[in-house]
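Reader: I'm new to protein structures and would like to learn how to read one. Could we go through it together, feature by feature?

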Amino acid sequence: MHFGIQTPQEGTTFDALAAHWRCADELGFDSVWLDDHFYSVVRPRTEAQAEAWTLLAALARETARVRIGILVTCNSYRSPALLAKMAATVDVLSNGRLIHGVGAGWFEQEYQGYGYEFPDVKTRLGQLDESLRLQKLLWTTDRPSFDGRHYRLHEAWCEPRPVQKPYPPILIGGGGEKVLLRLVARHADIWNCPGTPEELKAKIEILRGHCAAEKRAVDAIERTWFGNVVIDADAGRARARLERLAAAWGMSPEQMADRALAGTPEQVIDRIHAYRDAGVTGFIGMYGRVEDLRSTRLVAERVLPAFR
(Lines give C-alpha, C1' and ligand atoms only; values in the text may rest on other atoms or scores of the structure.)
Protein backbone atom coordinates (compact mmCIF):
# COMPACT_ATOMS: atom_id res chain seq x y z
CA MET A 1 0.00 0.00 0.00
CA HIS A 2 1.08 3.56 -0.72
CA PHE A 3 1.70 5.93 2.20
CA GLY A 4 2.40 9.59 1.62
CA ILE A 5 2.59 12.85 3.55
CA GLN A 6 1.39 16.27 2.48
CA THR A 7 3.33 19.10 4.12
CA PRO A 8 1.40 22.32 3.37
CA GLN A 9 3.83 25.20 3.15
CA GLU A 10 1.59 27.58 5.12
CA GLY A 11 3.55 29.61 7.65
CA THR A 12 6.69 27.48 7.49
CA THR A 13 10.22 27.74 6.13
CA PHE A 14 12.22 25.94 3.49
CA ASP A 15 14.55 24.49 6.13
CA ALA A 16 11.63 23.00 8.08
CA LEU A 17 10.11 21.52 4.92
CA ALA A 18 13.43 20.09 3.79
CA ALA A 19 13.99 18.48 7.19
CA HIS A 20 10.54 16.84 7.10
CA TRP A 21 11.01 15.64 3.52
CA ARG A 22 14.42 14.14 4.30
CA CYS A 23 12.90 12.42 7.35
CA ALA A 24 10.04 10.96 5.28
CA ASP A 25 12.58 9.77 2.71
CA GLU A 26 14.69 8.04 5.34
CA LEU A 27 11.72 6.50 7.20
CA GLY A 28 10.33 4.71 4.14
CA PHE A 29 7.26 6.76 3.17
CA ASP A 30 6.33 6.42 -0.50
CA SER A 31 5.62 10.06 -1.35
CA VAL A 32 5.72 13.63 -0.03
CA TRP A 33 3.63 16.51 -1.34
CA LEU A 34 3.12 20.27 -1.29
CA ASP A 35 -0.12 22.13 -1.92
CA ASP A 36 -0.70 24.67 -4.71
CA HIS A 37 -1.85 27.92 -3.16
CA PHE A 38 -0.58 31.48 -3.37
CA TYR A 39 -1.54 32.31 0.20
CA SER A 40 -2.60 30.34 3.25
CA VAL A 41 -5.99 28.63 3.23
CA VAL A 42 -6.23 27.56 6.88
CA ARG A 43 -3.71 29.83 8.62
CA PRO A 44 -3.76 33.66 8.46
CA ARG A 45 -3.06 34.93 4.96
CA THR A 46 -0.31 37.17 6.26
CA GLU A 47 1.85 34.07 6.83
CA ALA A 48 4.40 32.84 4.30
CA GLN A 49 3.25 30.59 1.46
CA ALA A 50 5.99 29.69 -1.03
CA GLU A 51 5.00 28.98 -4.65
CA ALA A 52 4.66 25.25 -5.10
CA TRP A 53 6.60 24.36 -8.27
CA THR A 54 9.58 26.58 -7.44
CA LEU A 55 9.70 24.99 -4.00
CA LEU A 56 9.26 21.47 -5.39
CA ALA A 57 12.30 21.88 -7.63
CA ALA A 58 14.41 22.77 -4.62
CA LEU A 59 13.02 19.97 -2.45
CA ALA A 60 13.67 17.47 -5.23
CA ARG A 61 17.37 17.93 -4.52
CA GLU A 62 16.89 17.39 -0.77
CA THR A 63 15.58 13.82 -1.19
CA ALA A 64 16.92 10.70 -2.84
CA ARG A 65 14.30 7.95 -2.97
CA VAL A 66 10.81 9.16 -2.10
CA ARG A 67 8.29 10.17 -4.77
CA ILE A 68 7.46 13.89 -4.86
CA GLY A 69 4.57 15.99 -6.11
CA ILE A 70 1.95 18.67 -5.60
CA LEU A 71 -1.44 17.69 -4.21
CA VAL A 72 -2.73 19.08 -6.45
CA THR A 73 -1.64 21.60 -9.03
CA CYS A 74 -4.45 23.98 -9.97
CA ASN A 75 -4.79 23.63 -13.74
CA SER A 76 -5.93 27.25 -14.08
CA TYR A 77 -2.84 28.89 -12.64
CA ARG A 78 -0.37 28.01 -15.41
CA SER A 79 -0.79 27.34 -19.10
CA PRO A 80 -0.72 23.57 -19.77
CA ALA A 81 2.31 23.87 -22.04
CA LEU A 82 4.26 25.71 -19.35
CA LEU A 83 3.07 23.19 -16.74
CA ALA A 84 4.27 20.30 -18.93
CA LYS A 85 7.67 21.98 -19.22
CA MET A 86 7.87 22.53 -15.46
CA ALA A 87 6.86 18.95 -14.70
CA ALA A 88 9.41 17.55 -17.15
CA THR A 89 12.12 19.69 -15.55
CA VAL A 90 11.28 18.53 -12.03
CA ASP A 91 11.17 14.91 -13.18
CA VAL A 92 14.70 15.35 -14.54
CA LEU A 93 15.91 17.13 -11.38
CA SER A 94 14.50 14.32 -9.21
CA ASN A 95 15.83 11.54 -11.45
CA GLY A 96 12.35 10.33 -12.32
CA ARG A 97 10.50 10.66 -9.00
CA LEU A 98 7.69 13.07 -9.87
CA ILE A 99 4.02 12.16 -9.52
CA HIS A 100 2.13 14.80 -11.50
CA GLY A 101 -0.85 15.80 -9.38
CA VAL A 102 -3.45 17.99 -11.12
CA GLY A 103 -6.96 19.23 -10.38
CA ALA A 104 -9.55 21.54 -11.91
CA GLY A 105 -9.23 24.25 -9.22
CA TRP A 106 -11.72 25.36 -6.58
CA PHE A 107 -10.56 28.28 -4.41
CA GLU A 108 -12.51 31.19 -5.89
CA GLN A 109 -11.10 33.83 -3.54
CA GLU A 110 -7.58 32.98 -4.64
CA TYR A 111 -8.54 33.20 -8.31
CA GLN A 112 -9.99 36.65 -7.64
CA GLY A 113 -7.03 37.75 -5.56
CA TYR A 114 -4.52 36.92 -8.30
CA GLY A 115 -6.66 38.13 -11.18
CA TYR A 116 -7.59 34.79 -12.74
CA GLU A 117 -10.99 34.25 -14.29
CA PHE A 118 -13.05 31.68 -12.37
CA PRO A 119 -15.20 29.87 -14.94
CA ASP A 120 -17.96 27.48 -14.00
CA VAL A 121 -17.10 23.95 -12.99
CA LYS A 122 -18.07 22.48 -16.38
CA THR A 123 -15.58 24.78 -18.11
CA ARG A 124 -12.82 24.09 -15.58
CA LEU A 125 -13.26 20.35 -16.06
CA GLY A 126 -13.17 20.75 -19.84
CA GLN A 127 -9.96 22.72 -19.46
CA LEU A 128 -8.46 19.98 -17.28
CA ASP A 129 -9.27 17.36 -19.91
CA GLU A 130 -7.64 19.38 -22.70
CA SER A 131 -4.69 20.30 -20.52
CA LEU A 132 -3.80 16.67 -19.84
CA ARG A 133 -4.20 15.73 -23.50
CA LEU A 134 -1.89 18.57 -24.48
CA GLN A 135 0.71 17.77 -21.82
CA LYS A 136 0.89 14.14 -22.90
CA LEU A 137 1.54 15.29 -26.46
CA LEU A 138 4.41 17.52 -25.35
CA TRP A 139 6.00 14.70 -23.34
CA THR A 140 5.79 12.08 -26.08
CA THR A 141 5.80 13.81 -29.48
CA ASP A 142 8.25 15.92 -31.48
CA ARG A 143 6.87 19.35 -32.38
CA PRO A 144 3.22 18.63 -31.51
CA SER A 145 0.38 20.92 -32.50
CA PHE A 146 -2.97 21.09 -30.74
CA ASP A 147 -6.08 23.13 -31.49
CA GLY A 148 -8.62 22.75 -28.72
CA ARG A 149 -11.50 24.77 -27.40
CA HIS A 150 -9.40 26.18 -24.56
CA TYR A 151 -5.72 25.65 -25.47
CA ARG A 152 -3.44 25.61 -28.50
CA LEU A 153 0.05 24.49 -29.48
CA HIS A 154 1.96 25.04 -32.70
CA GLU A 155 4.93 22.77 -33.38
CA ALA A 156 6.11 23.08 -29.79
CA TRP A 157 9.14 21.40 -28.23
CA CYS A 158 9.56 20.00 -24.72
CA GLU A 159 13.20 19.13 -24.11
CA PRO A 160 14.40 17.62 -21.91
CA ARG A 161 11.54 15.20 -21.74
CA PRO A 162 10.62 13.48 -18.48
CA VAL A 163 12.87 10.69 -17.24
CA GLN A 164 9.82 8.47 -16.68
CA LYS A 165 8.38 6.96 -19.84
CA PRO A 166 6.09 7.73 -21.44
CA TYR A 167 5.64 10.41 -18.75
CA PRO A 168 5.31 10.76 -14.96
CA PRO A 169 2.33 9.09 -13.31
CA ILE A 170 -0.69 11.41 -13.36
CA LEU A 171 -2.71 11.91 -10.19
CA ILE A 172 -6.09 13.62 -10.40
CA GLY A 173 -7.66 14.92 -7.22
CA GLY A 174 -11.38 15.37 -6.63
CA GLY A 175 -14.64 13.54 -6.15
CA GLY A 176 -17.09 14.79 -8.80
CA GLU A 177 -18.92 11.69 -9.94
CA LYS A 178 -20.25 12.59 -13.40
CA VAL A 179 -17.27 14.29 -15.05
CA LEU A 180 -14.23 14.35 -12.76
CA LEU A 181 -14.22 10.58 -12.23
CA ARG A 182 -14.61 10.12 -15.99
CA LEU A 183 -11.42 12.16 -16.41
CA VAL A 184 -9.75 9.97 -13.80
CA ALA A 185 -10.71 6.91 -15.84
CA ARG A 186 -9.43 8.58 -19.02
CA HIS A 187 -6.13 10.07 -17.84
CA ALA A 188 -5.06 9.11 -14.32
CA ASP A 189 -2.72 6.55 -12.86
CA ILE A 190 -3.69 7.65 -9.36
CA TRP A 191 -6.91 9.14 -7.97
CA ASN A 192 -6.99 11.07 -4.69
CA CYS A 193 -10.07 12.03 -2.69
CA PRO A 194 -11.09 12.73 0.92
CA GLY A 195 -14.03 10.95 2.49
CA THR A 196 -15.27 8.21 4.78
CA PRO A 197 -14.82 4.56 3.85
CA GLU A 198 -18.49 4.41 2.85
CA GLU A 199 -18.23 7.51 0.65
CA LEU A 200 -15.10 6.30 -1.12
CA LYS A 201 -16.54 2.82 -1.65
CA ALA A 202 -19.50 4.36 -3.48
CA LYS A 203 -17.26 6.59 -5.59
CA ILE A 204 -15.01 3.66 -6.51
CA GLU A 205 -18.04 1.84 -7.88
CA ILE A 206 -18.86 4.89 -10.02
CA LEU A 207 -15.22 5.04 -11.12
CA ARG A 208 -15.47 1.39 -12.11
CA GLY A 209 -18.30 2.25 -14.50
CA HIS A 210 -16.32 5.13 -16.03
CA CYS A 211 -13.32 2.84 -16.45
CA ALA A 212 -15.45 0.35 -18.34
CA ALA A 213 -16.58 3.15 -20.67
CA GLU A 214 -12.94 4.17 -21.22
CA LYS A 215 -11.91 0.51 -21.68
CA ARG A 216 -9.64 0.51 -18.64
CA ALA A 217 -9.56 -1.74 -15.59
CA VAL A 218 -10.28 0.11 -12.35
CA ASP A 219 -7.36 -1.74 -10.77
CA ALA A 220 -5.04 0.07 -13.18
CA ILE A 221 -5.69 3.20 -11.12
CA GLU A 222 -4.32 3.60 -7.61
CA ARG A 223 -7.10 4.89 -5.34
CA THR A 224 -5.80 7.09 -2.53
CA TRP A 225 -7.44 8.69 0.48
CA PHE A 226 -6.57 12.22 1.64
CA GLY A 227 -7.15 13.68 5.09
CA ASN A 228 -5.80 14.36 8.56
CA VAL A 229 -3.68 11.90 10.51
CA VAL A 230 -4.09 12.40 14.27
CA ILE A 231 -2.01 9.80 16.07
CA ASP A 232 -0.46 9.40 19.50
CA ALA A 233 0.75 6.38 21.45
CA ASP A 234 -1.41 7.58 24.35
CA ALA A 235 -5.17 7.34 23.71
CA GLY A 236 -5.99 10.36 25.88
CA ARG A 237 -3.51 12.60 24.09
CA ALA A 238 -4.78 11.36 20.72
CA ARG A 239 -8.36 12.25 21.72
CA ALA A 240 -7.32 15.71 22.92
CA ARG A 241 -5.53 16.39 19.64
CA LEU A 242 -8.57 15.22 17.67
CA GLU A 243 -10.83 17.55 19.65
CA ARG A 244 -8.57 20.55 19.02
CA LEU A 245 -8.40 19.80 15.30
CA ALA A 246 -12.15 19.29 15.03
CA ALA A 247 -12.80 22.61 16.76
CA ALA A 248 -10.44 24.38 14.35
CA TRP A 249 -12.42 22.98 11.40
CA GLY A 250 -15.84 23.63 12.97
CA MET A 251 -16.65 19.92 13.32
CA SER A 252 -17.50 17.61 16.16
CA PRO A 253 -14.75 15.13 17.12
CA GLU A 254 -16.91 12.33 15.74
CA GLN A 255 -17.31 14.09 12.39
CA MET A 256 -13.57 14.63 12.17
CA ALA A 257 -12.81 11.03 13.16
CA ASP A 258 -15.09 9.75 10.38
CA ARG A 259 -12.86 11.40 7.77
CA ALA A 260 -9.47 11.00 9.45
CA LEU A 261 -6.97 8.40 10.55
CA ALA A 262 -7.18 9.10 14.28
CA GLY A 263 -6.23 7.44 17.54
CA THR A 264 -3.49 5.17 18.77
CA PRO A 265 -1.34 3.29 16.24
CA GLU A 266 -3.55 0.24 16.68
CA GLN A 267 -6.69 2.28 16.05
CA VAL A 268 -5.15 3.88 12.96
CA ILE A 269 -4.25 0.43 11.62
CA ASP A 270 -7.85 -0.70 12.10
CA ARG A 271 -9.07 2.42 10.29
CA ILE A 272 -6.72 1.77 7.37
CA HIS A 273 -8.15 -1.74 7.10
CA ALA A 274 -11.66 -0.25 6.88
CA TYR A 275 -10.58 1.96 3.99
CA ARG A 276 -8.77 -0.92 2.32
CA ASP A 277 -11.92 -3.04 2.55
CA ALA A 278 -13.71 -0.20 0.75
CA GLY A 279 -11.24 -0.41 -2.15
CA VAL A 280 -8.71 2.25 -1.17
CA THR A 281 -5.11 1.36 -2.06
CA GLY A 282 -3.15 4.29 -0.63
CA PHE A 283 -3.15 7.04 1.97
CA ILE A 284 -1.81 10.59 1.78
CA GLY A 285 -2.18 12.40 5.08
CA MET A 286 -1.59 15.78 6.68
CA TYR A 287 0.31 15.21 9.91
CA GLY A 288 0.08 18.65 11.54
CA ARG A 289 2.73 21.32 11.78
CA VAL A 290 5.66 20.75 9.45
CA GLU A 291 8.15 21.42 12.25
CA ASP A 292 6.74 18.56 14.37
CA LEU A 293 8.04 15.16 13.29
CA ARG A 294 6.54 13.09 16.09
CA SER A 295 3.52 11.78 14.16
CA THR A 296 5.62 11.05 11.10
CA ARG A 297 8.04 8.99 13.16
CA LEU A 298 5.27 7.19 15.05
CA VAL A 299 3.48 6.18 11.84
CA ALA A 300 6.77 4.92 10.38
CA GLU A 301 7.58 2.92 13.51
CA ARG A 302 4.15 1.54 14.45
CA VAL A 303 1.84 1.67 11.41
CA LEU A 304 3.81 1.16 8.21
CA PRO A 305 5.26 -2.23 9.30
CA ALA A 306 1.71 -3.63 9.47
CA PHE A 307 1.35 -3.12 5.72
CA ARG A 308 4.83 -3.92 4.44
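Reader: How far apart are the mean positions of the positive and negative charges of the protein chain?

Author: Happy to start there, with one reminder: this is a predicted model. To read charge, take the mean position of each sign and look at the distance between the two. In the protein chain, the 39 positive and 40 negative charges have mean positions 3 Å apart.

Reader: How many helices and strands does the protein chain have?

Author: Counting these elements gives you a first map. The protein chain has 11 helices and 12 strands. Its radius of gyration is 19 Å, close to the 19 Å that the globule rule gives for 308 residues, so the chain is as compact as a globular protein of that length. Along the principal axes, the C-alpha trace spans about 60 × 45 × 40 Å.

Reader: What percentage of the residues in the protein chain is buried?

Author: Here you look at how much of each residue is left accessible. Buried residues make up 53% of the 308 in the protein chain. From the outside, the chain exposes about 13,600 Å², and carbon and sulfur atoms supply 51% of that area.

Reader: And what share of the contacts comes from residues 24 or more positions apart?

Author: For this, you compare the place of two residues in the sequence with their place in space. Among contacts with a separation of 6 or more in the protein chain, residues 24 or more positions apart account for 71%. Thr-264 makes a good example: its C-alpha atom is 5.6 Å from that of Ile-231, although the two are 33 residues apart along the chain.

Reader: Where does Thr-264 lie, and is it buried or exposed?

Author: Thr-264 lies in the loop between strand S11 (261-263) and helix H10. With a relative accessible area of 11%, Thr-264 is buried, because the cut-off for buried is under 20%. Leaving aside neighbours within four places in sequence, Thr-264 is in contact with Ile-231, Asp-232, Ala-233, Asp-234, Ala-235 and Ala-238.

Reader: What is the C-alpha separation of Gln-267 and Ile-231?

Author: Let's use the same kind of reading. The C-alpha atoms of Gln-267 and Ile-231 are separated by 8.9 Å, with their positions 36 residues apart along the chain. Gln-267 itself sits in helix H10 (residues 265-277). At 41% relative accessibility, Gln-267 counts as partly exposed.

Reader: Which residues does Arg-65 touch, not counting those up to four places away in sequence?

Author: A list of contacts tells you who the neighbours are in space. For Arg-65 they are Ala-24, Asp-25, Gly-28, Phe-29 and Arg-97. Arg-65 is found in the loop between helix H2 (52-60) and strand S3 (67-70), and at 41% relative accessibility it counts as partly exposed. Gly-101 is 36 residues from Arg-65 along the chain, and their C-alpha atoms are separated by 18 Å.

Reader: How many disulfides does the structure hold?

Author: For a disulfide, you check how far one cysteine sulfur is from another. This structure holds zero disulfides. Cys-74 is in none, and the nearest cysteine sulfur, that of Cys-193, is 17 Å away. The sulfur of Cys-211 is 14 Å from the closest cysteine sulfur, in Cys-193, which is too far for a bond because a disulfide needs the two sulfurs within 2.5 Å. Cys-74 is buried, with a relative accessible area of 7%, and Cys-211 counts as buried at 0%.

Reader: Which residues does a cis peptide bond join?

Author: The angle to look up is omega. A cis peptide bond joins Glu-159 and Pro-160, with omega about 0°. Another joins Lys-165 and Pro-166, again with omega about 0°. Pro-160 lies in the loop between strand S7 (152-153) and strand S8 (170-173), and Pro-166 is found in the loop between S7 and S8 as well.

Reader: Which residues have a positive phi although they are not glycines?

Author: Phi is another backbone angle, and its sign is what you read here. Arg-143 has a positive phi of about 50°, and Lys-215 has one of about 60°. Arg-143 is in the loop between helix H5 (121-140) and strand S6 (146-147), where it counts as partly exposed at 43% relative accessibility. Lys-215 lies in the loop between helix H7 (197-213) and strand S10 (222-231), and at 76% relative accessibility Lys-215 counts as exposed.

Note on methods. Residues are numbered from 1 along each chain as its sequence is written. This is a predicted model: local features need pLDDT of at least 70, side-chain atom pairs count only at pLDDT 80 or more; totals for chains, interfaces and linings use all residues. Side-chain values use heavy atoms; hydrogens and water are left out. Helices (H or I, at least four residues) and strands (E, at least two) are DSSP runs, numbered from the N terminus. The radius of gyration is taken over C-alpha atoms; the globule rule is 2.2 Å times the number of residues to the power 0.38. Buried means under 20% relative accessible area, exposed over 50%, partly exposed in between (1.4 Å probe, protein chains only). Contact means heavy atoms within 4.5 Å. Accessible areas come from the Shrake-Rupley method with a 1.4 Å probe; for residues, only the protein chains shown count as cover. Lys and Arg count as positive and Asp and Glu as negative; His and the chain ends are not counted. The place of a charge is taken as NZ of Lys, CZ of Arg, CG of Asp or CD of Glu.
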